[in-house]
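Thanks for coming. I will go through one structure today, from the overall fold to a few single residues. Please have the sequence and the model open in front of you.

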Amino acid sequence: AVLLFALLPGRAAASESLVFFGTYTDAKSKGIYVSRFDSTTGKLAAPQLAAEMQSPSFLAVHPNGRFLYAVGEAASVGDKHQGGVTAFAIHPAGKLRALNTQPSGGAGPCHLAVDAKGRFVFTANYGSGSVAALPILADGSLAAPAVTVQHAGSSVNPQRQAGPHAHCVNLSPDQRFLLACDLGLDKLMVYGVGEKAQALVENDPPFVKLAPGSGPRHLAFGHSGAFVYVVNEMGSSVTVLAYDAKHGTLNETQTTSTL
């Protein structure tokens, strides 16, 4: 499985960007790959290995374009056997130099996001059903999680929803709130974003509940910021929610099938 992640303009010729790919590693894949995209010709060069790493299934780039962060979905870091997040420095040619690795705040990290000011890497840990905020240091490396929030509960599908499974974390356009899809709970969690120990603060209300068995996996904000679109993996549907930017609250307006 390969995930196309980021275009970084200005790294080579004016018409060229670097494109990084996260992968699940096996006999054919060794980690993170990079290609050059030429916007004039529309051609994407053959991918080259940028850094070896075990199953870097999702990537995010620092807003200054100098650093890249990758979840280690299959990693085991620290005494609690958590997954890991690795920080890399980006070379102009596209190679990546590992800076450090920190625990992701739970097991099976599958998604991450970096805030616009480059203060935190936020993680979603599918295996344990938790989210965390890892401070970004001045050199681009990561500190250990400043805040970890463990979700709790279950939903209607005993095979896939016996416990929480955080699947994505996305920041609101104004960066004041973090929204997290939890597939195991059929909930869209909302956190206020602050500094240090207040990096993640439960909102009021703390979540919006989706239809039982929906399995919310990922979300995206519309261009205006007034609506949020959630893809429900288990329910094969998309839910539309009106978003109140002042209070960080959500109100479902539509759910439609993707089949």
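The protein has 21 strands and 0 helices. Its radius of gyration is 18 Å, close to the 18 Å that the globule rule gives for 259 residues, so the protein is as compact as a globular protein of that length. Keep in mind that this is a predicted model. The C-alpha trace spans about 45 × 45 × 40 Å along the principal axes.

A few totals next. Of the 259 residues, 52% count as buried. The accessible surface comes to about 11,800 Å², and carbon and sulfur atoms hold 55% of that. Among contacts in the protein with a separation of 6 or more, 40% are between residues 24 or more positions apart.

Now to one sheet. It is an open sheet of 4 strands, in the order E14-E15-E16-E17, and the pairing is antiparallel. Which strands stand at the edges? They are E14, residues 166–171, and E17, residues 201–209; each has a single partner strand, so one side of each is left without a neighbour in the sheet. On average, neighbouring strands of this sheet are turned by 20° against each other, direction ignored.

Start at the E14 edge. Although E14 is an edge strand, 6 of its 6 residues are buried, so E14 is largely enclosed by the rest of the structure. For that statement, buried means under 20% relative accessible area. E14 runs antiparallel to E15, and 5 bridges join the two. If you want a pair to find on screen, Asn-170 stands opposite Leu-179 in E15. The hairpin of E14 and E15 has 5 residues between the strands, and there Gln-175 takes a positive phi near 70°.

Moving one strand over, E15 covers residues 177–182 and E16 covers residues 187–192. These two pair in the antiparallel sense over 6 bridges. Here the pair to look for is Cys-181, which stands opposite Leu-188 in E16.

At the other edge, Phe-207 lies in strand E17. Is Phe-207 buried, exposed or partly exposed? With a relative accessibility of 34%, Phe-207 counts as partly exposed. Leaving out residues up to four places away in sequence, Phe-207 touches Lys-187, Leu-188, Met-189 and Val-190. Take Val-190: Phe-207 is 17 residues from Val-190 in sequence, while the C-alpha to C-alpha distance is 5.5 Å.

As background, side chains in a regular strand alternate between the two faces of the sheet.

Next, a loop residue. Where is Gln-161? Gln-161 sits in the loop between strand E13, residues 147–150, and E14. Gln-161 is buried, with a relative accessible area of 0%. Its side chain makes a polar contact with the side chain of Asp-186, at 2.9 Å. Beyond its neighbours within four places in sequence, Gln-161 is in contact with several residues, including Ser-154, Leu-183, Gly-213 and Met-234.

The last residue is Gln-254, found in strand E21, residues 249–257. Gln-254 is partly exposed, with a relative accessible area of 43%. Apart from neighbours within four places in sequence, its contacts are Val-238, Thr-239 and Val-240. Gln-254 and Val-240 are 14 residues apart in sequence, and their C-alpha atoms are 5.1 Å apart in space.

To close, three residues to mark on your own view: Gln-161 is buried, Phe-207 is partly exposed, and Gln-254 is partly exposed. That is what I have for today.

Technical notes
Residues are numbered from 1 along each chain as its sequence is written. This is a predicted model: local features need pLDDT of at least 70, side-chain atom pairs count only at pLDDT 80 or more; totals for chains, interfaces and linings use all residues. Side-chain values use heavy atoms; hydrogens and water are left out. Two strands pair if DSSP finds at least two bridges between them. Axes are lines fitted to C-alpha atoms, for helices over the stretch in contact, and angles run from 0 to 180 degrees between N-to-C directions. Buried means under 20% relative accessible area, exposed over 50%, partly exposed in between (1.4 Å probe, protein chains only). A polar contact is a pair of N or O atoms within 3.5 Å; within protein, one must be able to donate a hydrogen and the other to accept it, and residues adjacent in sequence count only if both atoms are side-chain atoms. Contact means heavy atoms within 4.5 Å. The radius of gyration is taken over C-alpha atoms; the globule rule is 2.2 Å times the number of residues to the power 0.38. Accessible areas come from the Shrake-Rupley method with a 1.4 Å probe; for residues, only the protein chains shown count as cover.
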